[in-house]
Amino acid sequence: MIKVRQLFDYDSYTYTYLVYDSVSHEGILIDPVSAQIDRDLKLIKDLNIEMKYVCETHIHADHITSCGRLAEELDAGIIVSERAGISHPRLANILTKSLNFGSETLHILHTPGHTETCLSFYTKGYVLTGDALLIRKCGRTDFQGGSNVQLYNSVREHLFTLPDDTVVFPGHDYTGQTSSTIGEEKLLNERLNLSISQDEFTEIMNNLNLPYPKSMDEAVPANLKLGIN
Ligand code: FE
């Protein structure tokens, strides 16, 4: 049976997810944050999880990952978009598009647009969307190979085609919300609901006037090395 545990980093408002099969205890960790490595290792040990993969939804600009360190410590594979151009002996070939954990399957969806490296992960009943789809919002598209056109198409073609009752677990939330559903976002997402056209979405994204991400110059180079010094 699939279990999803949501973890939070207060500094970067990042959600980390532990997805596991409660029968076999095989698991997958998504978007771990360097500053929380001790917490995450303790939880994995407490729950007796055998980690199969540590995954990055994209090359993050707002925190440093512990992906590389955890994969080594836990003897797990690494999943990151091939578009990041990273080489590491534990890097799994994601052209297979699905990962097994126990008797369950996690499907890899290519959902570029927030960045060119964005992946989402779908398993029965749940989708982990990184910053492609946030609750009522979406990630910005003005850095790291981002594209309004790509993000709009990614969400419409790969996320909004999932069952309406699929729980959406985002990469961040800045308002204290924890999850949504595909049906809710199709109706209520302020930027991407089904009544919004590609041109309207582009107009919205071109007028966000967001500040330069404060940790980007430090985080991106570190994350291109999977957080390994
Ligand atoms: Fe991001």
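**Group meeting talk: two helices, an iron site and some salt bridges**

Let me begin with helix α1, whose buried residues are covered by elements that include β1 (2-9), β2 (14-21), β3, β4 and α2, where contact means heavy atoms within 4.5 Å and where helices (H or I, at least four residues) and strands (E, at least two) are DSSP runs numbered from the N terminus. Before I go further, please keep in mind that this is a predicted model, in which local features need pLDDT of at least 70 and side-chain atom pairs count only at pLDDT 80 or more, while totals for chains, interfaces and linings use all residues. Residues are numbered from 1 along each chain as its sequence is written, and side-chain values use heavy atoms, with hydrogens and water left out.

Which residues of α1 are buried? They are I37, D40, L43 and I44, with buried meaning under 20% relative accessible area, exposed over 50%, and partly exposed in between, for a 1.4 Å probe and protein chains only. These four cover an arc of only 130° around the axis, which puts them on the same side of α1; the arc is that of the directions from the helix axis to the C-beta atoms. On the face turned away from that buried side, α1 carries the exposed residues D38, K42 and K45. Just after the helix, N48 takes a positive phi of about 60°.

Helix α2, residues 67-74, can be read in a similar way, with C67, G68, L70 and A71 buried. Seen down the axis of α2, the buried residues fall within an arc of 165°, so they line one face of the helix. Their cover includes β3 (26-30), α1 (37-46), β4 (50-55) and β5 (77-79). The residue that follows α2 is D75, and its phi is positive, near 60°.

D75 also brings me to the salt bridges, each defined as a side-chain nitrogen of Lys or Arg within 4 Å of a carboxyl oxygen of Asp or Glu, of which the count comes to 9. D75 pairs with R90, the closest N and O atoms being 3.1 Å apart, and this pair links distant parts of the chain, with R90 in the loop between β5 and β6 (98-101) and D75 in the loop between α2 and β5, 15 residues apart. R90 is partly exposed at 26% relative accessible area, whereas D75 counts as exposed at 58%.

Back in α1, the side chains of D40 and R39 meet in a salt bridge at 2.9 Å, N to O; D40 is buried, with a relative accessible area of 1%, and R39 counts as partly exposed at 27%. Further along the chain, D164 and K186 form a salt bridge at 2.8 Å, N to O. D164 lies in the loop between α3 and β10 (167-170) and K186 in helix α4 (residues 182-188), so the pair ties together parts that are 22 residues apart in sequence. D164 is partly exposed, at 42%. There is also a network of salt bridges linking R136, E184 and E185.

Now to the metal. Which protein atoms are the donors of the iron ion? They are NE2 of H58, NE2 of H114 and OD of D131, lying 2.0 to 2.3 Å from the ion, where donors are N, O and S atoms within 2.8 Å of the metal (3.2 Å for Na, K and Ca), and where sites may look incomplete, as water is not among the atoms. In sequence, the donor residues are spaced H-x55-H-x16-D. H114 lies in the loop between β7 (104-110) and β8 (119-123) and D131 in the loop between β9 (126-130) and α3 (148-159), so the pair ties together parts that are 17 residues apart in sequence. Both H114 and D131 are buried.

One more loop residue is Y174, placed between β10 and β11 (180-181). Not counting residues up to four places away in sequence, Y174 touches S12, Y13 and D62, and its C-alpha atom is separated by 9.9 Å from that of Y10, 164 residues away along the chain.

I will finish with the whole chain, whose secondary structure comes to 6 helices and 11 strands. Of its 229 residues, 52% count as buried. Among contacts between residues at least 6 apart in sequence, 64% join residues at least 24 apart. Along its principal axes, the C-alpha trace spans about 45 × 40 × 35 Å.
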